[in-house]
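Open your viewer and get ready to make a few selections. We will go from stop to stop, with a look around at each one.

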Amino acid sequence: MSHIAAPDSRVTLVLASTSPRRQQLIGLLGLPVEIIPSHADEDTPADWSPARIVEELAHRKASAVRERAAQTQGAIVVGSDTIVVLDGDVLGKPKDRADAVSMLTRLAGRGHEVFTGLCCIEAASGRTVVSHSVTRVFMRPLAENQIVRYVESGEPMDKAGAYGIQEIGAMLVDRIEGDFFTVVGLPVSMLAAQLGEFGLQLP
Ligand SMILES: Cc1cn([C@H]2C[C@H](O)[C@@H](COP(=O)(O)OP(=O)(O)OP(=O)(O)O)O2)c(=O)[nH]c1=O
């Protein structure tokens, strides 16, 4: 992987996440990274909009580790949350394989939206920036046996909407409108823009 010169060695990004995808993607920024898994409550009121849900959950995840992150010099905590939205219904991670099959049966052959919320908190000051990004994903029509075979791979189980566009799930997707990394769970260019608000110029 190529790297540009570290833009600001006084900053460490503290990723409040257990997601291996987010851990890999945040490395693209070329800044020092620490991981502090966050276990925030993910319940939200039923009448909240998708945008409000993902922004709130990204904020909760980042807030939950802010205090621990403050021990690191120049820490900026990053939290993120991703949901799939179809016909106004929020699809999170599937509860079991049957739930994954039913989500994918609904998603096949049509478009849906993926919302990702992103929150940066400067640990020392508490200064907070939060926003979200939306990408439209169009899935190929899928036969029942294709869906079942995909679910048997185990890949869908830790992913919102029961698919991973960056893995075998790439074969389920016809096209997207919007940012790819929003679907994977960490909108890299929005993160760079948020960090710009803390005076970091990236790249
Ligand atoms: C739609 C889609 C989702 N996903 C993933 C991104 C997120 O990791 C996950 C949604 O769950 P989240 O609750 O957003 O995140 P998480 O529990 O995996 O990690 P953490 O809260 O610790 O940060 O779905 C993909 O990897 N690819 C995809 O194509």
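Start with the shell around the ligand, which by class holds seven nonpolar, ten polar and seven charged residues. Bear in mind as you look that this is a predicted model. Select the shell as a whole and you should have 24 residues surrounding the ligand. Now highlight S17, T18, S19, I165 and G185, which are the closest.

Next, colour by element. Helix α1 (20–26), strand β3 and helix α5 (180–184) each supply at least two residues of this shell. Which of the elements gives the most to the shell? That is β3, with four residues.

Stay on β3 and select D81, which sits in this strand. UniProt lists D81 under "active site", in an unreviewed entry. Is D81 buried or exposed? Count the other C-beta atoms within 10 Å and you get 26, so D81 is buried, the cut-off for that being 20 or more. To see what D81 touches, leave out residues up to four places away in sequence and show V54, L57, A58, K61, T116 and G117.

For the last stop, select helix α6, residues 188–196, and pick out its buried residues: L191, Q194 and L195. Turn the view to look down the axis of α6: these buried residues fall within an arc of 100°, so they line one face of the helix. In general, an α-helix has 3.6 residues a turn, so residues three or four places apart point the same way. Finally, show β3 (75–86), β5 (111–122) and β6 (128–139), the strands that the buried residues of α6 pack against.

Definitions and conventions:
Residues are numbered from 1 along each chain as its sequence is written. This is a predicted model: local features need pLDDT of at least 70, side-chain atom pairs count only at pLDDT 80 or more; totals for chains, interfaces and linings use all residues. A residue is buried if 20 or more other C-beta atoms lie within 10 Å of its own, exposed if 12 or fewer, and partly exposed in between; C-beta atoms are placed from the backbone. The arc is that of the directions from the helix axis to the C-beta atoms. Two residues are in contact if their C-beta atoms, placed from the backbone, lie within 7 Å. A residue is near a molecule or strand if its C-beta atom, placed from the backbone, lies within 6 Å of it. Ala, Val, Leu, Ile, Met, Phe, Trp, Tyr, Cys and Pro count as nonpolar, Asp, Glu, Lys and Arg as charged, and the others, Gly among them, as polar. UniProt positions are given in the numbering used here, feature names are shortened, and annotations may be inferred rather than shown by experiment.
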